[in-house]
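Colleague: Could you take one part of this model and go through it closely, with the cut-offs behind each term? I would like the surroundings of that part described as well.

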Amino acid sequence: MATKQATIPSPTADEAARVAEFRVALRRFQRQTEVVARDCGITPAWYLLLLQIKGAPDLTEQTTVTALADRLQLAQSSVTELVSRAQQAGLLERTTSSADARVVHLRLSAQGEKMFARAFRSLASEREALRAAIAHLDD
């Protein structure tokens, strides 16, 4: 016996166009982030790593590999390798938690702060353009 499936209405041309334009804006933002990061002397992956550490949800400007894996949606082993390379490049510092010796906190080094700040400030107009694209989705 065949079961009836609900008919899913096709999106209108306007709906699809708005989402398509948003995807263009999102990709433009991602690409510009890659270019700016490299121009500032860091890899795009390092930029995202530094952003997630500096922008920790609790505003402490520090985080753990476990929290980074969740926020970056990457395997913990991948984040561990990324953190190791960034630390070797002088961008990060590790400190052991005073509350739990098994926990290591990551924070930007002075060099990491400088490189991150340059990239972050250079992307201000790109963030504004992405905000406008998001707002246009609801028009």
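Modeller: The account below takes one helix, then a second helix that packs with it, then the salt bridges and the sheet.

The model is a predicted one, in which local features need pLDDT of at least 70 and side-chain atom pairs count only at pLDDT 80 or more, while totals for chains, interfaces and linings use all residues. Residues are numbered from 1 along each chain as its sequence is written, and side-chain values use heavy atoms, with hydrogens and water left out.

The part I choose is helix 1, residues 13-39. Helices (H or I, at least four residues) and strands (E, at least two) are DSSP runs, numbered from the N terminus. Helix 1 has 27 residues, and 38 Å separate its first C-alpha from its last, close to the 39 Å expected at 1.5 Å a residue. The expected span is 1.5 Å times one less than the number of residues. Just after helix 1, Gly41 has a positive phi of about 90°.

The buried residues of helix 1 are Arg18, Phe22, Ala25, Phe29, Thr33, Val36 and Ala37. Buried means under 20% relative accessible area, exposed means over 50%, and partly exposed lies in between (1.4 Å probe, protein chains only). The cover over these residues includes helix 2, helix 5 and helix 6.

Arg18 belongs to helix 1 and counts as buried because its relative accessibility is 15%. A polar atom of its side chain lies 2.8 Å from the backbone oxygen of Leu137. That is a polar contact, a pair of N or O atoms within 3.5 Å; within protein, one must be able to donate a hydrogen and the other to accept it, and residues adjacent in sequence count only if both atoms are side-chain atoms. Leaving out residues up to four places away in sequence, Arg18 touches His136, Leu137, Asp138 and Asp139; contact here means heavy atoms within 4.5 Å.

Helix 6 covers residues 124-137, and its 14 residues should span 20 Å at 1.5 Å a residue; the end C-alpha atoms are 21 Å apart, which agrees. Glu126, Arg127, Leu130 and Ala133 are buried in helix 6. Viewed down the axis, the buried residues of helix 6 fall within an arc of 120°, so they line one face of the helix. The arc is taken over the directions from the helix axis to the C-beta atoms. These buried residues pack against helix 1, helix 2 (44-54) and helix 5 (110-122).

The whole structure holds 8 salt bridges, a salt bridge being a side-chain nitrogen of Lys or Arg within 4 Å of a carboxyl oxygen of Asp or Glu. In one of them the side chains of Glu34 and Arg31 meet at 3.5 Å, N to O. Glu34 and Arg31 are 3 residues apart in helix 1, so about one helical turn separates them. Glu34 is partly exposed at 22%, and Arg31 is partly exposed at 42%. An α-helix has 3.6 residues a turn, so residues three or four places apart point the same way.

Helix 6 has a pair with this spacing too: Arg131 and Glu128 are 3 residues apart, about one helical turn. Their closest N and O atoms are 3.2 Å apart in a salt bridge. Arg131 is partly exposed, with a relative accessible area of 48%, as is Glu128, with 43%. Back in helix 1, salt bridges with shared partners join Arg27, Arg31 and Glu34 into one network.

A further salt bridge, 2.9 Å from N to O, links Glu61 and Lys54. Glu61 is partly exposed at 29%, and Lys54 is partly exposed at 27%.

Apart from the helices, 3 strands make an open antiparallel sheet in the order 1-3-2. Strand 1 (62-63) and strand 2 (92-96) are at the edges with a single partner strand each, so one side of each has no neighbour in the sheet. Two strands pair if DSSP finds at least two bridges between them. Strand 1 pairs with strand 3 (residues 104-108) over 2 bridges, in the antiparallel sense, and Thr63 has Leu106 as its bridge partner in strand 3. Strand 2 is joined to strand 3 by 5 bridges, again antiparallel; here Thr95 has His105 as its bridge partner.
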